[in-house]
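Please open the model in your viewer and keep the sequence panel at hand. The tour below proposes one selection after another and says what is to be found at each stop.

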Amino acid sequence: MTGAPEAEPARGAGPRAAPGRPVKVAHVVLSLNVGGLERVVLRLLERTSRERFAPVVCALQEPGALADELARLGVPLVVLSRKPGLDPGLPVRLAAWLRREGIRLVHTHNPGPHLYGALAASLARAASFGGGGGGPRVIHTKHGRNYPKQKRKVLVNRLAAALTDRVVAVSDDTRAVVLEVERVDPAKVVTILNGVDPEVFRPGDARAARARLGVRDAGYHVGCVARLSPEKDHATLLTAFARLREVRPDAHLTVVGDGPVRPALEQQAARLGLGGAVLFTGTRGDVAELLPAFDVFALASLTEGISLTLIEAASAGLPIVATRVGGNPEIVKEGETGLLVSPGSPEPLAAALEAIAVRDDRAEVGMRGRARVIERFGIDRMVRAYEDLYAEVLRG
């Protein structure tokens, strides 16, 4: 175990915070590697009221590439180094840490942390029984659909939810999975949409953004920001882009992100003869500054909870072409802020990208998307909703 110092709580005090002190909240994650879930956690940490709550991050596997951000935010980090596969000792170690640190609220993210965190909180509550404190409560945020067709994983999620005070769905689609597939008690389920800062993700100077990327100013620019992993289906996007190039030879595609399928995608781009028409940038920390370089934002995902990159792109005033999966239709209003297509189908995706290219009102399409973000997906709205939920669960 590394990170925050271990301090024994006062005898008989249990996990309750002293009067007037902020409540300790532990965010339990696998790691803080680059991804939408991790960025949501960091934004929540950045804006949560420190007068009311004192956050700490517990990574079950490793710190992750984004862990350095915690130092800037003044948030402690502990790493519990989970053993490969099922680690039956981890809930015991985590429960002991929760007790030592006086954690009153456990906020888990993703199925593994949910199971281990909920079990650990139950153990900590049992150890606190009769000791003057009720032990930590549990909130879980379900950031994606989490394999609703795999019965074993559904049962594990259902077990973890039974030990949890509230389950937060990040979209209506995710909420439907929680209620209809995992059969969680509806009284426990809350919907809190992911949020972004529209003052950070906003329209900007396209020419300056393209210079930042090192791409030509002229032409029709398609952009995608997503981890290079199979579920994002960049392979279909590349095939669709090749077909778009047959009618729009001035088209250029920028792919921002990294991941395990990058070598295969680069080989595919070469086989398709895309040459200098596709740029793979790798992971970038300046996405907000790069988005204005694009004329349209494309996402070919096979599955989504609710895509943070789609919300960011819409906030930047970009029209969107995305697959009709998960929470994407809750971000993109068909025909008004972009176009939705079936997943895994290059032809409709190429046709939609071409349709956006020839729209006279392309800028207005993007600005309608930005207005929708400001109305529904603002970061302050998200943080307030979580703070109110924390307070409600702690009162219970």
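## Salt bridges along the chain

Begin by selecting Arg72, which is exposed, with a relative accessible area of 52%; bear in mind throughout that this is a predicted model. Now add Glu46, whose side chain meets that of Arg72 in a salt bridge, at 3.5 Å from N to O. The pair links distant parts of the chain, since Arg72 sits in helix H2 (residues 68-73) and Glu46 in helix H1, 26 residues apart. Glu46 is partly exposed, with a relative accessible area of 40%.

Stay with helix H1 and select Arg43 together with Glu312, whose side chains also meet in a salt bridge, here at 2.6 Å from N to O. This pair again links distant parts of the chain, with Arg43 in helix H1 (residues 36-47) and Glu312 in helix H11, 269 residues apart. Are these two partners buried or exposed? Glu312 is buried, at a relative accessible area of 2%, and Arg43 counts as buried at 15% relative accessibility.

Next, select Asp165 and Arg137, whose side chains form a salt bridge at 3.1 Å from N to O. Asp165 lies in the loop between helix H5 (151-162) and strand E6 (166-169), while Arg137 belongs to strand E5 (residues 137-142), so the pair ties together parts that are 28 residues apart in sequence. Asp165 counts as buried at 17% relative accessibility, whereas Arg137 is partly exposed, with a relative accessible area of 25%.

To finish this part, select Arg207, Arg210, Asp217, Asp295 and Arg362, which are linked in a network of salt bridges. The count of salt bridges in the model comes to 28.

## The open sheet

Switch to a cartoon view and find the open sheet, which six strands form in the order E10-E9-E8-E11-E12-E13, with parallel pairing. Its edge strands are strand E10 (278-282) and strand E13 (338-341), each of which pairs on one side only. On average, and with direction ignored, neighbouring strands of this sheet are turned by 20° against each other. Helix H11, the helix that holds Glu312, packs on the sheet and touches E8, E11 and strand E12 (320-323), its direction making about 170° with that of E11.

Zoom in on strand E8 (residues 220-225) and strand E9 (residues 251-256), which run parallel and are joined by six bridges. Within this pairing, Tyr220 stands opposite Ala251 in E9.

## Into the nonpolar cores

From strand E8, select Val222 and show what surrounds this residue. Leaving aside neighbours within four places in sequence, Val222 is in contact with Phe241, Leu244, His252, Leu253, Thr254, Phe294, Val296, Ala298 and Leu353.

Which members of the largest nonpolar core touch the most other members? Of its 81 residues, they are Val222, Phe241, Leu291 and Phe297. Helix H15 (residues 379-395) contributes the largest share of this core, with eight residues. A second, separate core has 19 residues, among them Val56, Leu90, Ile103 and Ala121.

## Last stop: Ser301

Finally, select Ser301, which is placed in the loop between strand E11 (296-299) and helix H11 (308-315). Ser301 is buried, with a relative accessible area of 0%. Not counting residues up to four places away in sequence, Ser301 touches Glu231, Lys232, Thr323, Val325 and Pro343.

Note on methods:
Residues numbered from 1 in each chain as written. Predicted model: local features only at pLDDT ≥ 70, side-chain atom pairs only at ≥ 80, totals over all residues. Heavy atoms only, no water. Helix = DSSP H or I, 4+ residues; strand = E, 2+ residues; numbered from the N terminus. Buried < 20%, exposed > 50% of the residue type's maximum accessible area, 1.4 Å probe, protein only. Contact = heavy atoms within 4.5 Å. Core = buried A, V, L, I, M, F, W, Y, C linked by side-chain atoms within 4.5 Å. Salt bridge = Lys/Arg side-chain N within 4 Å of Asp/Glu carboxyl O. Pairing = 2+ DSSP bridges. Axes fitted to C-alpha atoms, helices over the stretch in contact; angles between N-to-C directions.
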